[in-house]
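Q: Please take a close look at the salt bridges of this structure. I am new to it and would value one connected account.

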Amino acid sequence: MARCRRALRRAAEEPAETETPTPKPTVDPGPLLTGEEVEDIRVDKGETVRFRVRAPEDEEVHVHGYDISRDVAAGETEKISFKATIDGIFEIELEHSGTPIAQLRVDP
């Protein structure tokens, strides 16, 4: 009986084994576009285009050809993603200032 109590005490004192959680895969958010240089983004048709935009002033980012526009608040980072359904080469720009920030190439 005493032996059982000692075993129970030891079991209570020893840390329980925990299962190591399997990390969830992270999705690459894509390049951060700031307008300091024109980035090249290249994907195959059917893939997801992903990028982030940060502007020093309130702006609107526009993906030409796809006609996608998003507002970007000054100093904030806006994440943008969409399915590449049209092949070709498209300009991405900060619309109000007319600053090109990327060239998107979608291969067929």
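A: What follows is an account of the salt bridges, together with a sheet formed by some of the strands.

The model under discussion is a predicted one. In it, the salt bridges number 3.

One of them joins Asp107 to Arg42, with 2.7 Å between the closest N and O atoms. These two residues belong to distant parts of the chain: Asp107 is in strand β8 (residues 99-107), Arg42 is in strand β2 (residues 39-44), and their positions lie 65 residues apart in the numbering. The two partners may also be described by their accessibility. Asp107 has a relative accessibility of 12%, and because buried means under 20%, this residue counts as buried. Arg42, by contrast, has a relative accessibility of 56%, and because exposed means over 50%, it counts as exposed.

Asp107 takes part in a further salt bridge, in which its side chain meets that of Arg105 at 2.8 Å, N to O. Arg105 counts as partly exposed, at 35% relative accessibility. Through these contacts, Arg42, Arg105 and Asp107 form a linked network of salt bridges.

Another salt bridge brings together the side chains of Lys45 and Asp87, at 3.3 Å from N to O. Lys45 is located in the loop between β2 and β3, and Asp87 in the loop between β6 and β7 (88-94), so this pair ties together parts of the chain that are 42 residues apart in sequence. Both residues are partly exposed: Lys45 has a relative accessible area of 43%, and Asp87 stands at 34% relative accessibility.

The strands β3 and β6, which border the loops just named, also belong to a sheet. This sheet is open and has 3 strands, in the order β1-β3-β6, with mixed pairing. Strands β1 (32-33) and β6 (77-83) are at its edges; each has a single partner strand, so one side of each is left without a neighbour in the sheet. Between β3, which covers residues 48-54, and β6, the pairing is antiparallel and extends over 7 bridges. Within this part of the structure, Val49 stands opposite Phe82 in β6.

To return to the request, the salt bridges include the network of Arg42, Arg105 and Asp107, as well as the pair of Lys45 and Asp87.

Notes
Residues numbered from 1 in each chain as written. Predicted model: local features only at pLDDT ≥ 70, side-chain atom pairs only at ≥ 80, totals over all residues. Heavy atoms only, no water. Pairing = 2+ DSSP bridges. Helix = DSSP H or I, 4+ residues; strand = E, 2+ residues; numbered from the N terminus. Salt bridge = Lys/Arg side-chain N within 4 Å of Asp/Glu carboxyl O. Buried < 20%, exposed > 50% of the residue type's maximum accessible area, 1.4 Å probe, protein only.
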